Amino acid sequence: MKRLRAVSTASDALRARSSLSRPIRSLSTALNTKSTPRPSPQRLTPIATLQPLLQTPNSSIRHVSSSSPPDDLQKTPLYDLHVAHGGKMVPFAGFSMPVSYSSLSGSASHHFTRTHASLFDVSHMVQHRFSGPGATAFLERITPADITGLEKHKSGLSTLLWPGTGRIVDDTIITRLGPELFYVVTNAGCREKDLGYFKEQLGEFKKGGGEKVDWEVLDGWGLIALQGPLSEEILTGILAKPEEEKLREMYFGQSKFIKVKLMGMELSSPLLVSRGGYTGEDGFEISIPGGETVAVMEALLQSAGPEKLQLAGLGARDSLRLEAGMCLYGHDLDDTTTPVEAALSWVIGKSRKTGGGFHGDNIILSQLTPKSKGGAGVERRRIGLVVQGAPAREGAEIVDAEGNKIGNVTSGCPSPTLGKNVAMGYIKDGFHKSGTEVEVVVRGKKRKAQVTKMPFVPSKYWKGIAPV
């Protein structure tokens, strides 16, 4: 996979230093598949107040400079708001994004999210719409999800798959908005690869006799994540009709279109609000037309006040998602990994396990059965680790008692919630059971570690029963 030209993880960003709406693009299986060239990225305005973060010995990492921001970084609709609120901007997946804010350290922001609520800008993610009579069949061809059984205004995590191998192109969230209308979110770091993949797969689908599918990329749209135990209360505070929306009856994985009150009592357009997120906390992700993104963000901040709601950046997002056991593509998932190896067998729909019909189904379905029971099984599995001593970072080797390499760490950090070093990685099949004692090589020294179930911190998604 093509390497990103900028910092690719929030952990990298923390070790680095910080020195729009465009027209919707569309593609249809019934039309010429030539794509419209993307507009040139906007030039960033100088960032005058950023303070250096920790230095990194990797001289190849490019930084956002207070005097000369790179020309090739893009800005989300919230860029100016981040700078105005003291955001420390760093390159991430081709965008200039806040890693933290002057109001809170990364660790403090992490804790604030777990105890109150935080707002994250995730507008760098790529938002798509797929529609038309062939949309369900197309999505069932490229993912192992049970799209046919997905109810209206419900969402599910899935994976885009390479033909033949069943390896993961990207992970994605798919929401059904109508009988043949779907909202799909993919990762910013995989943008060009994913766009090429969708274009190619739509062409193959059409050649194979598939019905018409229209594809829109919502360039310039905003996407924000309101996360934390106060999220429902805060969002309810700006609803145009709170008595009708009844957020308490909207559960994890569900969505609806909602209007909110902006400053001056104006009403927003209908916004797609989905209950879920990337932190393990209760919360909502809100898709917003680009021209309204700042107004919605400011309405939330001003209505809630800083005692309940703070902005949060990539640093807190990374430690929160790792505690929640969630993958970051390009690190915990990549083009060499299948869903079974990645401990994502649960994304394979029940009907798909018997009926197949998706890319790489023969390989993936055979991996579901262990070798001991006559199946192909897998050679490695994604696992969680608690590591003693220094934290294990991406690339650290996992070894057995004899010192033989049995795996690698793909993500790792000190857990602010647990006060322990946690990590995620891949380990040789047979060593993957919870409680298995292993060692991790950190800076040339072996550190004791134990395979642990994920999530490291219990999830608190709202499913109709108050979390304990």
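In the predicted model, R248 lies over the face of W462, at a distance of 3.8 Å from the ring centre. A second contact of this kind involves R380, whose charged end sits over the ring of Y426, 4.6 Å from the centre of that ring.

The protein contains 11 helices and 20 strands. Of its 468 residues, 53% are buried. The exposed area of the protein is about 20,100 Å², and carbon and sulfur atoms supply 52% of this area.

Aromatic side chains were examined next. The count of aromatic pairs comes to nine. In one of them, formed by F138 and F205, the ring centres are 5.5 Å apart and the planes meet at 65 degrees; the pair is therefore edge-to-face, since an angle over 60 degrees is assigned to that class. The pair links distant parts of the chain, with F138 in helix α4 (residues 135-142) and F205 in helix α5 (residues 191-207), 67 residues apart. F138 has a relative accessible area of 0% and is buried. F205 is likewise buried, with a relative accessible area of 8%, because the cut-off for a buried residue is under 20%.

The aromatic pair of F252 and Y461 is stacked, with 4.1 Å from centre to centre and 20 degrees between the planes. This pair also links distant parts of the chain: F252 belongs to the loop between α7 (242-245) and β11 (255-258), whereas Y461 is found in the segment after β20 (445-452), and the two are 209 residues apart. F252 is partly exposed, its relative accessible area being 36%. Y461, at 14% relative accessibility, counts as buried.

F138 and F205 are also members of one aromatic cluster, which is formed by F130, F138, W162, Y197, F198, F205 and W215.

Helix α8 was considered separately. This helix comprises 12 residues (residues 293-304), for which a rise of 1.5 Å a residue gives an expected span of 16 Å; the C-alpha atoms at its ends are 17 Å apart, in agreement with that value. The buried residues of α8 are T293, V296, M297, A299, L300, L301 and A304. An α-helix has 3.6 residues a turn, so residues three or four places apart point the same way. After α8 comes G305, with a positive phi near 85 degrees.

On the surface, L157, I173 and W346 form a nonpolar patch, and together these residues have about 290 Å² of accessible area. Within this patch, W346 is located in the loop between α9 (314-323) and α10 (350-355). The relative accessibility of W346 is 57%, so W346 counts as exposed, the cut-off for this class being over 50%.

A further loop position is that of E180, which is placed between β7 (168-178) and β8 (181-186). E180 is partly exposed, with a relative accessible area of 27%. The C-alpha atoms of E180 and A137 are separated by 9.6 Å, while the two residues are 43 residues apart along the chain.

Conventions: Residues are numbered from 1 along each chain as its sequence is written. This is a predicted model: local features need pLDDT of at least 70, side-chain atom pairs count only at pLDDT 80 or more; totals for chains, interfaces and linings use all residues. Side-chain values use heavy atoms; hydrogens and water are left out. Helices (H or I, at least four residues) and strands (E, at least two) are DSSP runs, numbered from the N terminus. The expected span of a helix is 1.5 Å times one less than its number of residues. Buried means under 20% relative accessible area, exposed over 50%, partly exposed in between (1.4 Å probe, protein chains only). Rings of Phe, Tyr and Trp (its six-membered ring) pair if their centres lie within 6.5 Å; planes under 30 degrees apart count as stacked, over 60 as edge-to-face and the rest as tilted. A charge sits over a ring if NZ of Lys or CZ of Arg is within 6 Å of the ring centre and within 35 degrees of the ring normal. Patches are made of residues with over 30% relative accessible area and no salt bridge: like charges are joined within 9 Å, nonpolar side chains (Val, Leu, Ile, Met, Phe, Trp, Tyr) within 5 Å. Accessible areas come from the Shrake-Rupley method with a 1.4 Å probe; for residues, only the protein chains shown count as cover. A salt bridge is a side-chain nitrogen of Lys or Arg within 4 Å of a carboxyl oxygen of Asp or Glu.
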